[in-house]
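Welcome to this short tour. Open your viewer, get ready to select a few side chains, and follow along one stop at a time.

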Amino acid sequence: MHIRLILSLILSFTIGVSLGHYKPEFFAIPISYIKNFLIDDEKNIYKESILRLEKDFLRGSCGSEEEGYSFFVAGHVYGTPGELYKGIYQPFKTNNILNSCLFMPLGFLLGDAVVEASEIEFEILKKEIDSFRKDTKIHISPGNHEVGSGKYNAKRDVYMNNFGDTYKYFKYRDDLFIVLDGNENNWNIADDQLEMLRNLASGEENYNNVFIFSHQVIWNDPQKKEFLGLIPNSNEGKAEKLTFWSDVFPLIKDLGSKVYIFAGDVGAFDNRSEFFYNNFSGVSFFATGMGGGKRDNFLLIHVKKDRVNIDLIEL
């Protein structure tokens, strides 16, 4: 069984590298983890994350506006690598559970919503968003496919002409939403974005829930056992040293009564890392994505009074 999986991984990685978009992290995984993985071929991040999710959260349902609100979180929604861009991944946008949700005022696309930044593809994406649901405001945390790497490049200019700022925060009811751009500083949150977080942390406002979104898995740390085995789609633009745990985590961990962090750069390949969940120091970390055709998924978050319920929706 594990030989077949390894062959599948090698094939997926080869395709990703050949496309020029993906630089897999397989060889960055500690040898101890690889050894355990090969010995126990039933062990995989996807299954383990589902078990943790079911332990920590109840499944929910979309209710009325009076009962609360729901929102979706979806990553890598352009879908299958190597295919001509035709808009948002068909299995996602036609999902019955998503489209029948009673009250869903918000939605979040966590990057790689287009194959290549261009006026043509952004125009297709805007039409897809406009045709989705009139009662849902969709926010984008851009990925490298939308804005490239670094603060100054043509992709970023085209994106901002079409969608505006690449990072922001806003309040909805008693909850805080923060959209980050991990592309500006090589997966690190710095400069104006870090100052934004400092200002939020120093404020006196109290939030029930804080939801934070990024494309890259900016918090992935192979030195922390809680994140072992998580394989992002790409390492493009990643700095040699990440500063999330030294600079960002101290600012956001106490922003609200509960803090949830989501990333969307998984799911493009069949590697059993298409969904991730774990809790570290009281903060809930998620990665969700689609496109590989195996275990494609997105999340529905249901906020009702004093609780948050989370559904993993498999496509």
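Start by selecting Cys101, which is buried, with a relative accessible area of 4%. Keep in mind as you look around that this is a predicted model.

Now add Cys62 to your selection: Cys62 and Cys101 form a disulfide, with their sulfur atoms 1.9 Å apart. A disulfide is a covalent bond between the sulfur atoms of two cysteines. The structure holds one disulfide, so you have found it. Look along the S-S bond of Cys62 and Cys101: the torsion is about -100 degrees, so this disulfide is left-handed. Cys62 lies in the loop between α3 (45-56) and β1, and Cys101 in the loop between α5 (96-99) and β2, so the bond ties together parts that are 39 residues apart in sequence.

Next come the aromatic rings. The count comes to 42 aromatic pairs. One of them is Phe71 with Phe108, an edge-to-face pair with 5.6 Å centre to centre and 75 degrees between the planes. Phe71 belongs to strand β1 (residues 69-74) and Phe108 to strand β2 (residues 106-109), so this pair links parts 37 residues apart in sequence. Are these two rings buried or exposed? Both Phe71 and Phe108 are buried.

For the last stop, select Trp245 and Phe285, a tilted pair: 5.6 Å centre to centre, with 40 degrees between the planes. Trp245 sits in helix α10 (residues 244-252) and Phe285 in strand β9 (residues 283-288), so the pair ties together parts 40 residues apart in sequence. Phe285 is buried, at 0% relative accessible area. Trp245, at 19% relative accessibility, counts as buried because the cut-off is under 20%. Finally, add Lys224: its charged end sits over the ring of Trp245, 4.4 Å from the ring's centre.

Definitions and conventions: Residues are numbered from 1 along each chain as its sequence is written. This is a predicted model: local features need pLDDT of at least 70, side-chain atom pairs count only at pLDDT 80 or more; totals for chains, interfaces and linings use all residues. Side-chain values use heavy atoms; hydrogens and water are left out. Rings of Phe, Tyr and Trp (its six-membered ring) pair if their centres lie within 6.5 Å; planes under 30 degrees apart count as stacked, over 60 as edge-to-face and the rest as tilted. Helices (H or I, at least four residues) and strands (E, at least two) are DSSP runs, numbered from the N terminus. Buried means under 20% relative accessible area, exposed over 50%, partly exposed in between (1.4 Å probe, protein chains only). A charge sits over a ring if NZ of Lys or CZ of Arg is within 6 Å of the ring centre and within 35 degrees of the ring normal. A disulfide is a pair of cysteine sulfur atoms within 2.5 Å.
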